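Ready to find your way around a structure you haven't met before? Work through the exercises below, and try each one before reading its solution.

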Amino acid sequence: MDRVPRDVRPYDPGWLINPDRIFAAAASIDPVFLNTPVARRSELDDAVGARVVAKVETLNPIKCFKGRGTDHYVRSLPSTARRLVTASAGNFGQALAYCTRGSGIAVTVFASEAASPVKMAAIRRFGAQVRLVGSDFDEAKAAAREHAHLTGDIFAEDSAEASYAEGAGTIALELAAQAPDLDLVLVPLGNGALAAGIGAWMRHASPGTAVIGVVADGAAAMKLSFEQRTAVETATARTVADGIAIRVPVAFGLASCLQTLTAVVSVSDDAILAAVRLIYETLGLVVEPSAAVGLAALSTHTQFRGARVGTIMCGANVTPAQHRQWLRP
């Protein structure tokens, strides 16, 4: 436990994510996404050698945390907004479709040809159009950006502005009240909004709590970028954790993570799937692999043993067949 990183910088008013705006977001975001529970089990603690508080973000209509930041973003749009285009591995697209339903705003979501069918079906169910383009998320994003350029649609890019992180930061606002004595929080790190928002609030409310981003070994762009303090693109992003399969960092997301995170660690796909199984066995929760990376880090990185740890169960958009497969060692 003594080897947990101890970067205790307090919040700096000059940072990109402002805790006052996180607090304000908590008063305006659709309540269906707020005040989520935490789960604790002694069996889980014994298995990983730490005291774990899991923040459960899977019990809302889109089964993931993305609704917080996306609702906050949609509320900031000009009244003249009529068409949005985005790229998504699935959960952000779902959130954008859900948060704009009935508003008169048409949403088009670009996703890769390998995107999760269950996530694509949910996006369509909430009324958005889906276009499958390219072999991975970042190829789909390039196509979405080009589409927006040609049509004049608003390009909604996850983690590209403060509102997404401010909304996600409300998770930390709640967690700090539910578990005020945490040594560290382990946060799935994809485009960066979740990690940056949680990092900004914890720097403000509990600067002694380390906030550590977790990536997959096969999608290490954000870890490399954090360590080199500049954007580093990778040739591939191959991991079972599709929600954090990023190979091209988002500039704003990276910049805000550089200000708010203590460190970034990586975990293998084997460790991630073992954590998916452990979460089901001890907490009874079905989660997607991205939601299990924090627990995978506890099992992989011995410096966290004995700590009081918060982690985010960030999504549960999986098919029964996928989950059955992941439960097999």
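**Exercise 1. Work out how helices α11 and α12 are oriented to each other, and what their contact is made of.**

Step 1: α11 and α12 are roughly perpendicular to each other (angles of 65 to 115 degrees count as that; under 35 is roughly parallel, over 145 roughly antiparallel and the rest oblique). That follows because the axes of α11 (residues 269-283) and α12 (residues 293-300) cross at roughly 110°, coming within 8 Å. Axes here are lines fitted to C-alpha atoms, for helices over the stretch in contact, with angles from 0 to 180 degrees between N-to-C directions. Helices are DSSP runs (H or I, at least four residues), strands likewise (E, at least two), and both are numbered from the N terminus.

Step 2: Look at who touches whom, where contact means heavy atoms within 4.5 Å. From α11 come A271, I272, A275, L278 and I279, and they meet V293, L295, A296 and T300 in α12.

Step 3: Sort that contact by class, and you get eight nonpolar residues, one polar and no charged ones. Ala, Val, Leu, Ile, Met, Phe, Trp, Tyr, Cys and Pro count as nonpolar, Asp, Glu, Lys and Arg as charged, and the others, Gly among them, as polar.

Before going on, note that this is a predicted model: local features need pLDDT of at least 70, side-chain atom pairs count only at pLDDT 80 or more, and totals for chains, interfaces and linings use all residues. Residues are numbered from 1 along each chain as its sequence is written, and side-chain values use heavy atoms, with hydrogens and water left out.

**Exercise 2. Find the residues of α1 that are buried, and say how they are arranged around the helix.**

Step 1: In α1 (residues 19-26), P19, I22 and A25 are buried. Buried means under 20% relative accessible area, exposed over 50% and partly exposed in between (1.4 Å probe, protein chains only).

Step 2: Look down the axis of α1: its buried residues fall within an arc of 110°, so they line one face of the helix. The arc is taken from the directions from the helix axis to the C-beta atoms. As a rule, an α-helix has 3.6 residues a turn, so residues three or four places apart point the same way.

Step 3: Turn to the other side of α1, where D20 and F23 are exposed. The buried residues, for their part, pack against α3 (66-75), α7 (162-178) and α8 (193-205).

**Exercise 3. Place T100, and find which backbone oxygens its side chain reaches.**

Step 1: T100 sits in helix α4 (residues 91-100), and with 3% relative accessibility it counts as buried.

Step 2: A polar atom of the T100 side chain lies 2.7 Å from the backbone oxygen of L96. The side chain also reaches the backbone oxygen of A97, at 3.3 Å.

Step 3: Leave aside neighbours within four places in sequence, and T100 is in contact with V74, L84, I105 and V107.

**Exercise 4. Say where S159 and R229 lie, and whether each is buried or partly exposed.**

Step 1: S159 belongs to the loop between β6 (154-155) and α7. Its phi is near 75°, a positive value in a residue other than glycine, and at 2% relative accessible area S159 is buried.

Step 2: R229 is in the loop between α9 (221-228) and α10 (251-260). R229 isn't a glycine, yet has a positive phi of about 60°, and at 48% relative accessibility R229 is partly exposed.

How values were computed
Polar contact = N/O pair within 3.5 Å; in protein donor to acceptor, adjacent residues only side chain to side chain.
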